[in-house]
Amino acid sequence: EADEFNDIYGLEVIEIPTNRAMVRIDDDDEVYRTAEEKYRAIVKLIRECRERNQPILVGTTSIAKSETLAELLTKEKVPHQVLNARYHEQEAFIIAQAGVPGAVTIATNMAGRGTDILLGRGVAEKGGLAVVSTEPAASFRVDRQLFGRAARQGDPGTAQMRTDRAMGSSS
């Protein structure tokens with residue numbers, strides 16, 4: 001990312017060590033044949049997280065895709081919050097609640113920056129915040145920012161990319 005920051009902003013980057021070791025588990029990417037299969041798998045993962053009371057943050061690359069996933073969850077009667085440009089006035093509140101037990105938050109990849117996701121009581125024991133991206137962003141840096149929402153300050157968490165063949169893989 002240092003080259004990207006230098007190219008875009010003309011700034012050099014220095015590395016600052018973390019306060020606590022990062023313990024996030026980066027799961028292997030999953031690639032599905034179709035978008036429909038991918039979304040079914042993501043809804044299944046969301047249900048599994050809710051059953052164990054683990055919060056999940058699902059990153060999408062557009063408002064339309066976040067709303068498509070929200071419609072699927074509504075049909076399945078899965079409570080969730082949507083964070084995209086249409087709901088920007090509620091951004092800090094929605095993202096601040098993303099770490100409570102069983103929370104489901106769907107967000108465009110850049111949404112919620114600047115507000116920490118604090119884990120609710122008992123969430124660390126459930127595996128921390130699960131973060132899933134529905135497809136690679138236009139920039140690897142954006143994907144890393146999304147995945148960085150999990151496992152802040154030594155908290156546990158997981159991150160995974162789930163995409164379909166039409167989109168390709170992030171690797």
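This report describes the nonpolar cores and one pocket of a predicted model. Local features need pLDDT of at least 70 and side-chain atom pairs count only at pLDDT 80 or more, while totals for chains, interfaces and linings use all residues. Residues are numbered from 1 along each chain as its sequence is written, and side-chain values use heavy atoms, with hydrogens and water left out.

The largest nonpolar core (buried Ala, Val, Leu, Ile, Met, Phe, Trp, Tyr and Cys residues joined through side-chain atoms within 4.5 Å; buried means under 20% relative accessible area with a 1.4 Å probe, protein chains only) has 17 residues. Ile46, Ile56, Val58, Leu69, Leu73, Val104 and Ile106 touch the most other members. The elements below each supply at least two residues of this core; helices (H or I, at least four residues) and strands (E, at least two) are DSSP runs, numbered from the N terminus.

| Element | Residues |
|---|---|
| α2 | 35–51 |
| β3 | 56–60 |
| α3 | 63–75 |
| β5 | 104–108 |
| β6 | 129–133 |

The largest share, six residues, comes from α2. Apart from this core lies another, of 14 residues, including Ile95, Val131, Leu146 and Ala150.

Leaving aside neighbours within four places in sequence, Ile46 is in contact (heavy atoms within 4.5 Å) with Ile56, Val58, Leu73, Val78 and Val104.

Helix α2 also gives the most to the lining of the second largest pocket, with four residues. Glu36, Tyr39, Arg40, Val43, Leu72, Lys75 and Glu76 line this pocket (an open set of points on a 1 Å grid over the protein atoms alone, where a 1.4 Å probe fits, with protein on both sides within 12 Å along at least five of seven lines; lining residues have an atom within 4 Å of a point). The lining has three nonpolar, no polar and four charged residues.

Methods: Buried means under 20% relative accessible area, exposed over 50%, partly exposed in between (1.4 Å probe, protein chains only). Ala, Val, Leu, Ile, Met, Phe, Trp, Tyr, Cys and Pro count as nonpolar, Asp, Glu, Lys and Arg as charged, and the others, Gly among them, as polar.
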